[in-house]
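Subject: Structure for your review

Dear colleague,

Please find below the structure that I am handing over to you. I should be grateful if you would read the notes that follow with the structure open beside them.

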Amino acid sequence: MSLKPKRVDFSQTWDILQQTVKGVITLADVPRSTWNDRFTDVYSLCVAYPEPLADRLYDETKHFLDDHVSELLLGVSKQGDASLLQAYHSAWTEYSQGIDYLHQLYLYLNQQHIKKQKTTEAEIIYGASCAAAADYQEQMEIGELGLDIWKRKMITPLKESLVSLLLAGIHGDRLGKARHATTDVICGVIQSFVRVEEYKKKGQLDLYQQIFEEPFLEDSGNFYAREASELLQKSDVSYYMEQVSWRFSQEELRCQKFLHSSSAPKVRQCCQEKMVAAHLSWLHTEADVMIENERRRDLSFLYPLLRPLPSGLAPLIRKLTAHITQQGLRAIGTLQGDNVHTQFVESMLDVHTKYYELIKAVFKGDQAFISALDKACSAVVNHQPASRQPARAAELLAKYCDSLLKKSSRGTTEGDVEEKLARSITVFKYVDDKDVFQKFYARMLAKRLIHQQSQSMDAEEAMIDRLKQACGYEFTNKLHRMFTDMSVSADLNTKFSSNLREREGQGQKQLGIGFGVYVLQAGAWPLGLPPAPGPFHVPQQLEQSIQAFETFYHAQFSGRKLTWLHPLCQGELKLNYLKRPYLVTVQTYQMALLLLFEQCDTLPCKEAAMSLGVSQEQLEKHVVSLIDCKLLKKSPDGELGEETTLMLNLDYSNKRTKFRVTAALQREGPQDAETTHRSVDHDRKLYLQAAIVRIMKSRKLLRHNQLVQEVLGQSKITFAPSIGMIKKCIEALIDKQYIERTANSSDEYSYVA
Amino acid sequence: MAESVQDNVERGDGDNVKTENFFTLKKWNAVAMWSWDVECDTCAICRVQVMDACLRCQAESKKDFYGKQDCVVVWGECNHSFHYCCMSLWVKQNNRCPLCQQEWSIQRMGK
């Protein structure tokens, strides 16, 4: 076979070719050799000599296809409405397949002759030149040509009847009356609308959208609007939502089954509009009741329905916030008894857990709902029962931690405690007055450390780490320093006793008592100590220990002075004067008082106070604690006075041979909490003033409201100051001439350098 | 007196001699507080208490992990005391005590 261009007789070749074309387009049997020959014919026509006959071939083919499709149309429309879809579908199946093959047969024409003339992609995207746009009569590849002819000759005349039949079919499917056979047909017909323009580079879906999608959406809209109103009339909200959800999922499946994928979001939107958005206010009212009664099932239906709507969830979130707040306040409103702190934290956690779970299960953990929970919890935790009363959360939470970290007999396991402490951080994060918490926590920690009441140092440390994570280094700085002191002291004690042993070898006497000491760094410990009136006379029995340790300490460090905190020291005394020996743990003052009776049997209070070097008032406190536990007797009975005589109770007996006398100062009074609050208040004022000065220094000039906003922003991490307090601080700073009001405006301040 | 108590304790530990004293001190758990032995609690240079770290150290200690006492106190011959950090910056400009204007020389350092 020669590829050389030669003279070709068109009519003769076309006659033969036409036979094969017909065979191809009707999917008749075309032998391979024939196919090959015709393929060559197309080639020879295209390269014919002296003039290529491609254009003529194109025109004839077009003509042929026109006729063919018209014939098909006749055949299809003859069928009548009942089987129109079916007929169209089978014609299309055959034709689309055939045109595909035909396209192959004309490959040479397509590639060599037509490609050259086609507008390039760039021209289409950037706007074809006017000439090209106007003259749309350009030649198309044979496959495209076939489809175009189909569109014009077949779809255009039939579209109304086709579409209405399709809609009827889909409607049937919605009502559950569709037969499987029609499903394929409907799907195929709809696809033909897409396929027929698929070759286009731009606006591929125009035809589909125009002739089918638009009427389909309108029809669906009507259907669902009707469906919604019917449902509304005969059912309650639960059933309604259930049905709507079911409809949605069905419709989605239907989209997949019948439609082009681009239609799915439009259909969904259409459904939402008719079934949800149209009844939004009704759903919102119903939602209030659902939340009120925590109807999880209903809410989990409602959530996906409302979520896609722009303002769908907002009322739900508002209602949920209010509901949680209300539930929370109810949970913590009626607490009473000894363990209010435990009740408070645990009921708060219960509320939090409950709604957290609910949000996770029902609202898929939606962030907007989580922040509603946060908002509600923070409102509950910081709720002030009366306007003047401070919120007690900080104090209660600190007490809760204390009760967990303290040694206790309540058989809680370490893992238990760990878990509870970890959970308490959840509440901590909601507390506005973190500084108040810190004050209380530090005091309680100090007590635990000094009196060796900590359950476990690991637990203590883990808790501080958690607080640091939540609030930063500065917040736990002092707590860390307390810890460091403890380990430094442990070191010191070991060194001290080895030092003593060395000196014992050199002939020095031993102390004779078990001596241990905590050396605390001043300033790091929140120890509100009463000022000691006059020097306390340390019992002689202790003097040697004190001196030995001080000598040792000053050799270790320089430039330091030690102050003995006697109210915090404890001694263990063995009582030898009773029938049985008892071991009693007492505070240093009480110990000194008892030791006085080494030399005398009776002692007037006045004299005792003198020998100890303490005031009468202080002495009485200690005496009372010793009389209360029956170690001492007084005469005469009644109020203690300077003249009251004290004596040892020589008939003392106790079931236990080892016990502890409660120290007078260790009892916690309500004024303790009050002092803490007052000192927090003081710290806050300083903090606010410092913040104001910092802000003003960098801004130089600022309006009142802006200043207040910035101060609020800075202090947010540790506490929420009241506007009144900020105002007072601003005034104080004006008085101190750090800042001044500007001359031209009454609510503007400037920084005084 | 103190010695006789001690003697008793030692004999008491032997446990076969009956003690004559009413009380025997077995154990003492003491608590003491240390502070710099200074006349003025505040560092005149940074206006922070000498027991706390100086302003600079406080700002930097955010990186530091535990509240180590790195910021010590220094005493001059004039017996005035400051944070060591503050004073070492100060003497770069003016080698006199900020409080009494005497020539600055270090008497001792806190440890």
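Chain B has three helices and four strands, and their order from the N terminus is α-β-α-β-β-α-β. Please note that the model is predicted. Of the 111 residues in chain B, 40% are buried.

On the surface, B:Y84, B:I106 and B:M109 form a nonpolar patch, and together they have about 240 Å² of accessible area. B:I106 belongs to strand β4 of chain B, which covers residues 106-109. The relative accessible area of B:I106 is 41%, so this residue counts as partly exposed.

Salt bridges come next. Over all chains, the count comes to 26. Three of them may serve as examples.

In the first example, the side chains of A:R254 and A:E251 meet at 2.6 Å, N to O. These two residues are three residues apart in helix α11 of chain A, and therefore about one helical turn separates them. Both A:R254 and A:E251 are buried. They also take part in a network of salt bridges that links A:D173, A:R174, A:E251, A:R254 and A:K257.

In the second example, A:E418 forms a salt bridge with A:R466, and their closest N and O atoms are 3.1 Å apart. This pair links distant parts of the chain: A:E418 lies in helix α19 (residues 414-430) of chain A and A:R466 in helix α21 (residues 457-471) of chain A, 48 residues apart. A:E418 is partly exposed, with a relative accessible area of 26%. A:R466 counts as buried because its relative accessibility is 18%, and the limit for buried is under 20%.

In the third example, B:K27 and A:E572 meet through their side chains in a salt bridge of 3.8 Å, N to O. The pair crosses between chains, from strand β1 (residues 23-36) of chain B, where B:K27 lies, to strand β3 (residues 570-575) of chain A, where A:E572 lies. B:K27 is partly exposed at 35% relative accessible area, whereas A:E572 is buried at 12%.

Finally, the count of cavities of 30 Å³ or more comes to two. The largest cavity holds about 80 Å³ of space. Which residues line the largest cavity? They are A:F248, A:E251, A:E252, A:C255, A:A264, A:V267, A:R268 and A:C271. By class, this lining has five nonpolar, no polar and three charged residues. Helices α11 (237-258) and α12 (264-276) of chain A each supply at least two residues of the lining.

Yours sincerely,
A colleague

Definitions and conventions: Residues numbered from 1 in each chain as written. Chains lettered and ligands numbered in written order. Predicted model: local features only at pLDDT ≥ 70, side-chain atom pairs only at ≥ 80, totals over all residues. Heavy atoms only, no water. 1 Å grid on protein atoms, 1.4 Å probe; cavity = no way out; pocket = protein on both sides within 12 Å on 5 of 7 lines; lining within 4 Å. Points joined across faces, edges and corners; volume = space filled by probe spheres on them. Nonpolar A, V, L, I, M, F, W, Y, C, P; charged D, E, K, R; others polar. Patch = residues over 30% accessible without salt bridge, like charges linked within 9 Å, V, L, I, M, F, W, Y side chains within 5 Å. Areas by Shrake-Rupley, 256 points an atom, 1.4 Å probe, with all protein chains shown as cover. Salt bridge = Lys/Arg side-chain N within 4 Å of Asp/Glu carboxyl O. Buried < 20%, exposed > 50% of the residue type's maximum accessible area, 1.4 Å probe, protein only.
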